[in-house]
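Could you walk me through this model in my viewer, telling me what to select at each stop and what I will find there? A friendly tour would suit me well.

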Amino acid sequence: MKKRFSNLQQKLRDGNHMTSINLGEAEKHVCLNCGTEYRGDFCPRCKQKATTKRLTLKDTLRNFSDRFTHVDRGLLHTVIDLLIRPGYMVRDYLRGHRAEYIDPLMLTIIIVAVSYFIPDMPDEGSPITPYPATWDALLANYPIVSKLTHFFYWIITDDQRYLILTGLIFTPAIPVTLRLIRAKEKSLNLSESLHLLLYSFSYAMIIMLSLEAIFLLLPASMMPKFDYLIAIWIVLLLVVTFTMVKACTEISWKKMVLFIILAPIVAEVFNKGFYYLYDLLIDILLPSELESQISINAFFAK
């Protein structure tokens, strides 16, 4: 036993000695990415490989595959962990375990992009009040107001964009509600709340797109209405968001019940405040004779 232990120590000493020799004799490199001088195979500053070559189609495909399907780090790993353990996955991310997961904003962008490749359900394109053609003429001399109205109309004509905007408006409701229930020591700041909501949105989108793809395979007589799918989406979004908040803050169930009750109320206050600010901008930027002809509620009513 002692002989084996001494042999192991000798191998470790030899290994360390050889490592130091190899490192000392290694070729000196200048990183093409950040300009750092170093010895070894990888830049200690930006982690880029020492040897680079001209990009080929094979390299591009391999990098794409590694980025999105690698089991330790990439899209596949992030999606699987998010679906299996959403609360604990987000908690780990917020506490610093970030190298193995895709950033929530990038994940959201990827999922939204994928959603445009899935065909719409028969009743998904529900009619929306078109943008009033007369408004372009009325607002010809008020480009800022014209861009604002066009921007909001562009948002509300798409359920995903509208839900993302609503989530951004509701983001402050999470830290504010946690403060109201006196969870200061376990609270989430504004940035952490935004990351949490983006992951929650991604979770709900993955489930919704999966259900939509399955429903499209059914006969038309068996296909449910798209409104039911939206209802499932919203309920799932709320449930997952509350689950993530509970896991990330680890507050008691009593305070969690208070959070579930108060958070929608606080969120609605921020929602009303956002649209009040919008109306206030319209009132300030437009003369009184035009205000009566511009009714924002004409197409903002969802």
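Start with the cysteines: this is a predicted model, and the count of disulfides in it comes to 0. Select Cys 34 and Cys 43 to see why. The closest cysteine sulfur to that of Cys 34 belongs to Cys 43, at 3.6 Å, and a disulfide needs the two sulfur atoms within 2.5 Å, so the pair is too far apart for a bond. While you are there, colour by accessibility: Cys 34 is partly exposed, with a relative accessible area of 28%. Then jump to Cys 248, which counts as buried at 11% relative accessibility.

Next, show helix α4 (residues 86–94) together with helix α10 (residues 190–215). They pack at an angle of about 145°, their axes 11 Å apart, and the crossing is right-handed. To light up the contact, pick Pro 86, Met 89, Val 90, Tyr 93 and Leu 94 on α4, then Glu 192, His 195, Leu 196, Tyr 199 and Tyr 203 on α10. That set divides into 8 nonpolar residues, 1 polar and 1 charged.

Keep Tyr 199 selected and add Phe 259: of the 45 residues in the largest nonpolar core, these two touch the most other members. Helices supplying at least two residues each include α4, α11 (226–249) and α12 (253–285), while α10 gives the largest share, 11 residues.

Now zoom in on Phe 259. Leaving out residues up to four places away in sequence, Phe 259 touches Ile 174, Thr 177, Leu 178, Ile 181, Phe 242, Val 245 and Pro 264.

Last stop: another core, of 16 residues, lies apart from the largest one, and Phe 152, Ile 155, Tyr 278 and Leu 290 are among its members.

Technical notes
Residues are numbered from 1 along each chain as its sequence is written. This is a predicted model: local features need pLDDT of at least 70, side-chain atom pairs count only at pLDDT 80 or more; totals for chains, interfaces and linings use all residues. Side-chain values use heavy atoms; hydrogens and water are left out. Axes are lines fitted to C-alpha atoms, for helices over the stretch in contact, and angles run from 0 to 180 degrees between N-to-C directions. Helices (H or I, at least four residues) and strands (E, at least two) are DSSP runs, numbered from the N terminus. A crossing is left-handed if the near helix is turned anticlockwise from the far one by less than a right angle, and right-handed if clockwise. Contact means heavy atoms within 4.5 Å. Ala, Val, Leu, Ile, Met, Phe, Trp, Tyr, Cys and Pro count as nonpolar, Asp, Glu, Lys and Arg as charged, and the others, Gly among them, as polar. A nonpolar core is a set of buried Ala, Val, Leu, Ile, Met, Phe, Trp, Tyr and Cys residues joined through side-chain atoms within 4.5 Å. Buried means under 20% relative accessible area, exposed over 50%, partly exposed in between (1.4 Å probe, protein chains only).
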